[in-house]
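Open the model in your viewer and keep the selection box at hand. We will go from stop to stop, and at each one you select something and look around.

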Amino acid sequence: MRLEQLELRRIALDLVTPFRTSFGTESRRDILLVHVITDVGDGWGECVAMAEPAYSAEFVDAAQLVLRAHFWPALCASGAVEPADVARVLERYSGHPMSKAAIEAAVLDARLRADDTNLHRFFGGERDRVPSGVSVGIFDTLDELLAQVQGYVDDGYARIKLKIEPGWDIEPVRLVRELIGPEMGLQVDANTAYGRSDADHLRRLDEFDLLLIEQPLPEEDILGHARLAAAIDTPICLDESIVSLQTAADAIELGAAEIINIKPGRVGGYLEARRIHDLCVDRGIPVWCGGMVETGIGRAANAALAALNGFTLPGDISAASRFYRRDIVQHPITVDDGHVRVPDDPGMGFVLDLDFLDEVTTSSATHPA
Ligand code: SMG
Ligand code: MG
């Protein structure tokens, strides 16, 4: 298809409650949406870069700049573009996987809509609903944490993920395990907050029968994760470290990733995410779909990805209402009986609520081909 115009739109959405992790607190999201207009119709992608370069080096202002000044001109210069071409054309630019993923998603959305199909059918996932997990932030007090967790248990979530950091780990996990009982799935995410010398401390989590510990050590520390995996019983799951198919293959071979969290934004797009899924199935590594506090645009596509058979663990695909009072799509994701339905809406799986989208738009810049 021929690219005709790029719109980079920024929206602002308040979170229902502040979300605190080991790298900071967020209470309002500043989100970049990528809108491409082509000769076969238009498509939208959500960029999952955060306002600050904390979770990863990308951040939303940089994403907007690299898309406008580098990626869009390169794609336009390459001639007709299909979804699978995007990553190849942008390969010579290092880094910026979230920005690459966002424009690939917009092109894929346009292509799927033009073909009158959607991502669920394109990927061929057999399930039409997937188990839903919820990610729970760090709180000032244990009482607040337990009240929040109880609310999510009442909502019916299939598993709980607790954010941890030094000083907020063993006790919160112990109390939450007592609260939810021995059967419910429980896992933790450190977002790189520990170091190689913390193995003895992290081994204390073994008694709580966790599904996994996610990204305890820094992004680059593959060897440290391999050593930790050998030293503790709780399976090590990598998030931040897995930025491509190659890093996934290497981490698996080195014994650093017993489980992998797949986030399309972190690995440069839904097509690469699918390849990592296929690799993990081949290697016998369980995968689950991560979340980046997406709106209904990103969450719909994540659900379609998570419908693939290798996604054997519940993903961070919680209800839209977990983070937002109102979503920018017409059929926001809900959780019923611990599951979310894979959307059957067109394209990447959503229909925009254009009025509300306009209401929350803070800026829009258009760039011709
Ligand atoms: O989208 O439900 C969600 C949040 C899931 O915890 C979540 N994401 O490291 O896995 C992770 C974090 C990254 C975003 S926190 C700002
Ligand atoms: Mg994580």
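A residue counts as buried under 20% relative accessible area, as exposed over 50%, and as partly exposed in between. Try that on R129: its relative accessible area is 36%, so R129 is partly exposed. One caution before we move on: this is a predicted model.

**Stop 1: ligand 1**

Select ligand 1 and show what surrounds it. Which residues come nearest? Of the 21 residues around ligand 1, the nearest are S135, K161, N191, V293 and R299.

Now colour that shell by class. Seven of its residues are nonpolar, five are polar and nine are charged. Then switch to the cartoon view. Strands β1 (3–21) and β6 (159–163) each give at least two residues to the shell.

Next, pick out three side chains around the ligand.

- Select K163. An N or O atom in the K163 side chain is 3.0 Å from an oxygen atom of ligand 1.
- Select E214. A polar atom of the E214 side chain lies 3.3 Å from an oxygen atom of ligand 1.
- Select K263. Here a polar side-chain atom is 3.0 Å from an oxygen atom of ligand 1.

How much of ligand 1 does the protein cover? On its own, ligand 1 has 430 Å² of accessible area, and the protein covers 98% of that.

**Stop 2: the magnesium ion**

Select ligand 2, the magnesium ion. Which protein residues are its donors? They are D189 (OD), E214 (OE) and D239 (OD), and they lie 2.1 to 2.3 Å from the ion. You have met E214 already, with a polar side-chain atom 3.3 Å from an oxygen of ligand 1.

Look at the sequence as well. Along the chain the donors follow the spacing D-x24-E-x24-D. D189 and D239 link distant parts of the chain, being 50 residues apart. D189 sits in strand β7 (residues 185–189). D239 sits in the loop between β9 (236–238) and α9 (245–253).

Are these two buried or exposed? D189 has 1% relative accessibility, so it counts as buried. D239 has 0%, so it is buried too.

**Stop 3: salt bridges**

Turn on salt bridges for the whole structure. How many are there? The search finds 29. We will visit three of them.

Select D337 and R129. They form a salt bridge, with their closest N and O atoms 3.9 Å apart. This pair joins distant parts of the chain, 208 residues apart. D337 is in the loop between α11 (296–306) and β12 (339–341), while R129 is in strand β4 (residues 129–131). D337 is at 64% relative accessibility, so it counts as exposed. R129 is the residue from the start of the tour, partly exposed at 36%.

Now select D189 and K163. This salt bridge has its closest N and O atoms 2.7 Å apart. D189 belongs to strand β7 and K163 to strand β6, 26 residues apart. K163 has a relative accessible area of 6%, so it is buried. D189, at 1%, is buried as well.

Move to K263 and D239. Their side chains meet in a salt bridge of 2.8 Å, N to O. The two residues are 24 apart in the chain. K263 lies in the loop between β10 (259–262) and α10 (270–283), and D239 in the loop between β9 and α9. K263 is buried, because its relative accessible area is 5%. D239 is buried at 0%.

Before you leave, select one more group together: R159, K161, K163, D189, E214 and D316. Salt bridges that share partners join these residues into one network.

**Stop 4: two distances to check**

Select L254, in the loop between α9 and β10. Its relative accessible area is 56%, so L254 is exposed. Add S364 and draw a line from C-alpha to C-alpha. L254 and S364 are 45 Å apart in space and 110 residues apart in sequence.

Finish at R275, in helix α10. R275 is partly exposed, because its relative accessible area is 39%. Add L308 and draw the line again. R275 and L308 are 33 residues apart in sequence and 12 Å apart in space, C-alpha to C-alpha.

Terms used. Residues numbered from 1 in each chain as written. Chains lettered and ligands numbered in written order. Predicted model: local features only at pLDDT ≥ 70, side-chain atom pairs only at ≥ 80, totals over all residues. Heavy atoms only, no water. Near = heavy atom within 4 Å. Polar contact = N/O pair within 3.5 Å; in protein donor to acceptor, adjacent residues only side chain to side chain. Areas by Shrake-Rupley, 256 points an atom, 1.4 Å probe, with all protein chains shown as cover. Helix = DSSP H or I, 4+ residues; strand = E, 2+ residues; numbered from the N terminus. Nonpolar A, V, L, I, M, F, W, Y, C, P; charged D, E, K, R; others polar. Donors = N, O, S within 2.8 Å, 3.2 Å for Na, K, Ca; no water. Buried < 20%, exposed > 50% of the residue type's maximum accessible area, 1.4 Å probe, protein only. Salt bridge = Lys/Arg side-chain N within 4 Å of Asp/Glu carboxyl O.
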